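Hi,

Here is the structure I promised to pass along. Have a look at it first, and then read on for what turned up in it.

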Amino acid sequence: MASLSVLCDAAKEKLSAEQKLLVERETALEADCEKLQAEKEAMMKAGITESDLLIINVGGQIFAVKRSTLLLAPEDSLLSLMF
């Protein structure tokens, strides 16, 4: 019976640790969402929108593209950092 109790206690400790980790992740996610919303609001006040049409020169070729298209690039890409 003691071994069952030990297993149960170990499971409870593991569950508690995982629950704590989830709460920390949720808090971090909520903070990130608030930062993103504040950044979007600042961009809107500055008149910058995702539907802005940008004219870019790529190797001498001129392209007209919406900012939202360029923002589809992965977050760690050069395009994402530029726009």
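To start with the charged contacts, the count comes to 1 salt bridge in this predicted model. The partners are D52 and R67, whose side chains meet at 3.4 Å, N to O. D52 sits in the loop between helix 1 (2-45) and strand 1 (53-58), while R67 belongs to helix 2 (residues 67-70), so the pair ties together parts that are 15 residues apart in sequence. Is R67 buried or exposed? With a relative accessibility of 13%, R67 counts as buried, because the cut-off for that is under 20%.

Next, the strands. Strand 1 and strand 2 run antiparallel and are joined by 6 bridges. One pairing you can look up is L54, whose bridge partner in strand 2 is V65. The two strands form a hairpin with 2 residues between them, and G59 in the turn has a positive phi of about 60 degrees.

There is also something on the surface: L53, I55 and I62 make a nonpolar patch of about 330 Å². Of these, I62 is found in strand 2, which covers residues 61-66.

Finally, a word on confidence. The mean pLDDT of the protein chain is 85, and 92% of the residues score at least 70. Among the elements of the chain, strand 2 has the highest mean pLDDT (91) and helix 3 (residues 78-82) the lowest (71). As a general caution, predicted coordinates should not be read in detail where pLDDT is low.

Happy to talk it through whenever suits you.

Best wishes

Key
Residues are numbered from 1 along each chain as its sequence is written. This is a predicted model: local features need pLDDT of at least 70, side-chain atom pairs count only at pLDDT 80 or more; totals for chains, interfaces and linings use all residues. Side-chain values use heavy atoms; hydrogens and water are left out. Patches are made of residues with over 30% relative accessible area and no salt bridge: like charges are joined within 9 Å, nonpolar side chains (Val, Leu, Ile, Met, Phe, Trp, Tyr) within 5 Å. Accessible areas come from the Shrake-Rupley method with a 1.4 Å probe; for residues, only the protein chains shown count as cover. A salt bridge is a side-chain nitrogen of Lys or Arg within 4 Å of a carboxyl oxygen of Asp or Glu. Helices (H or I, at least four residues) and strands (E, at least two) are DSSP runs, numbered from the N terminus. Buried means under 20% relative accessible area, exposed over 50%, partly exposed in between (1.4 Å probe, protein chains only). Two strands pair if DSSP finds at least two bridges between them. pLDDT is the predictor's confidence in each residue, from 0 to 100.
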